[in-house]
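The exercises below are meant to be worked through with the sequence and the 3D view side by side. Try each task before reading the solution that follows.

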Amino acid sequence: MSEDTTYEPDTLTEAASGSGCHATDEMASAARAAGQSELLDQFARDYPQGPHDKPQSMCPAFGSLRVGLRMKRVATVLSGSACCVYGLTFVSHFYGARRSVGYVPFNSETLVTGKLFEDIREAVHELADPERFDAVVVTNLCVPTASGVPLRLLPDEINGVRIVGIDVPGFGVPTHAEAKDVLAGAMLNYARAEIEAGPVAAPAGGVSDLPTVTLLGEMFPADPVMIGQMLAPMGLAAGPVVPCREWRELYAALDCGAVAALHPFYTAAVREFQAAGRPVLGSAPVGHDGTAAWLAAIGESFGIAAGKVAAAQNAFLPAIKGALAAAPIKGTITLSGYEGSELLVARLLIESGADLPYVGTACARSEWSEADAEWLRARGVRVKFRASLEDDLSAMEGVRPDLAIGTTPVVQKAKAMGLPALYFTNLISARPLMGPAGAGSLAEVVNAAIAGKDRMDRMRDFFEGVGSGDTAGIWEGSPNERPDFRALNQKKIDKQKRAAKAQEMI
Ligand code: SF4
């Protein structure tokens, strides 16, 4: 790719320059006008939209940002509105990034004249020090994507440092989980081209002599070790976890015998593995039934003798049964989240004894989660893919469970209703789930939360009467509601809507 390719920016629409997360239609139209149709069409195929087309959780780009920040010798640069970058860097440091995030700021002029692209190119050249970095990742957020800032025109490498440019707009990538896939897929694509071009280096940790299974999806650190133990009786080893922690692991990940899509939303990464000729398996070794089926599927994929598969199953399934029986969960639970592991957790909770009528995931349906969805539906669970916040809330309000596991707004609502609740991301998905170590790992936290029902009732009673919505809080007098102002404002809004409608018909 040539470095001196020039870029003629389109005139930026007002919508793309001045709107935030919720101007998805305007942003997408601006992006198409700026020549980004191919990118948006690929996103639509990889990450089909659900009932809502706006991010309902944190900025999706947090997913790819975190993947980059976790890799050794990888520098990360964001290009986007200052408020977006502030939020993203804040959250990444809140989650312990301990690394600098590069930022190339812009204003209307640098965006419209194409100077922003020149600034990005200059920043990348400055950063590309092979002593410090293997790769520099540059991410276009919403506005630069909508404006067509062409990261593809950046050089592929500078001084041996790989340059990876990705677009992660909130109007094409619905969740932060799927944004992880955008970067993982881009890196695998780059690494695959390097492998095709000639010999590549082994990872710092070395490579296994045994055929390996690459593990697709971020997990609790003990999970890959547990999976390795379960594969050993079949003469196999656990390969790298993708997203990887260092560049060279990408080569080892591609050099596997099969890929376990433990998290089912890695569409772009799966495309790269399939292009490298690797078979991909869905579901995960979770609970008794999940582990039995997963080990059998792995055995079949590698053509392993039935006796060896049975040996692996016999070595672990009784321990899993024992662990589940020793840590039973009693109670009704609704479950929702946006990490992509919701269906696996639901299986584990049911095998632990919980009654679980609903599981919602913000991720889309994919063939890699089909077996889990089927298993759950066979047990009467309503499985909702691309679940919106409204879906999750109405399930919780309808069921009134003993425990609601969900996203922050679900937990907030549950507390207001006096229901025990746990935040899925921090308290559930960050625990071991696989094999015997995962069986029973949820019981302690889940049972403790269910047992806290009295406390939730006391809390609800304590806050009863402090108001809700815009009358919440402590007031010296009565809340100053001014319904007349509201009525006037509503009239104005209705008038604007009517004018917009009339404009459409012209
Ligand atoms: S980059 Fe993220 S925070 Fe900024 S507008 Fe897009 S979705 Fe919202």
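**Exercise 1. Find the contacts of leucine 393 in this predicted model, leaving out residues up to four places away in sequence, and decide whether leucine 393 is buried or exposed.**

Solution. Begin with the contacts: once residues up to four places away in sequence are set aside, leucine 393 touches Val410 and Lys413. Next, place the residue in its element, which is helix H17, spanning residues 389-399. Then count neighbours: leucine 393 has 20 C-beta neighbours inside 10 Å, and because a residue with 20 or more is classed as buried, leucine 393 counts as buried. Finally, look along the chain to serine 336, which is 57 residues apart from leucine 393 in sequence, while their C-alpha atoms are 9.4 Å apart in space.

**Exercise 2. Work out the order of the strands in the five-stranded open sheet, and say which strands are its edges.**

Solution. Reading across the open sheet, the order is S12-S11-S10-S13-S14, with parallel pairing. The edge strands are S12 and S14 (421-423), since each of these pairs on one side only. Neighbouring strands are turned against each other by 10 degrees on average, if direction is ignored. At the S12 edge, three bridges join S11 to S12, and one residue pair to locate there is valine 359 with its bridge partner in S12, valine 383. Helix H15 packs on this sheet, where it touches S10 (332-337), S11 and S12, and the direction of H15 makes about 175 degrees with that of S11.

**Exercise 3. Identify the buried residues of helix H16 and the elements against which they pack.**

Solution. Helix H16 covers residues 370-377, and its buried residues are Ala371, Asp372, Ala373, Trp375 and Leu376. Follow these residues outwards to their partners: they pack against two helices, H13 (287-302) and H15 (342-351), and against two strands, S11 (355-361) and S12 (382-384).

**Exercise 4. Describe how domain 1 meets domain 3, and state which classes of residue domain 1 brings to the contact.**

Solution. First take the bounds from the domain assignment, which gives domain 1 as 14-174, domain 2 as 212-320 and domain 3 as 327-462. The C-alpha centres of domain 1 and domain 3 lie 32 Å apart. The contact between them takes seven residues from domain 1 and seven residues from domain 3. Sorted by class, the side of domain 1 that touches domain 3 has three nonpolar and four polar residues, and no charged residues.

Definitions and conventions. Residues numbered from 1 in each chain as written. Predicted model: local features only at pLDDT ≥ 70, side-chain atom pairs only at ≥ 80, totals over all residues. Helix = DSSP H or I, 4+ residues; strand = E, 2+ residues; numbered from the N terminus. Buried ≥ 20, exposed ≤ 12 C-beta atoms within 10 Å, placed from the backbone. Pairing = 2+ DSSP bridges. Axes fitted to C-alpha atoms, helices over the stretch in contact; angles between N-to-C directions. Domains from an automatic or database assignment. Nonpolar A, V, L, I, M, F, W, Y, C, P; charged D, E, K, R; others polar.
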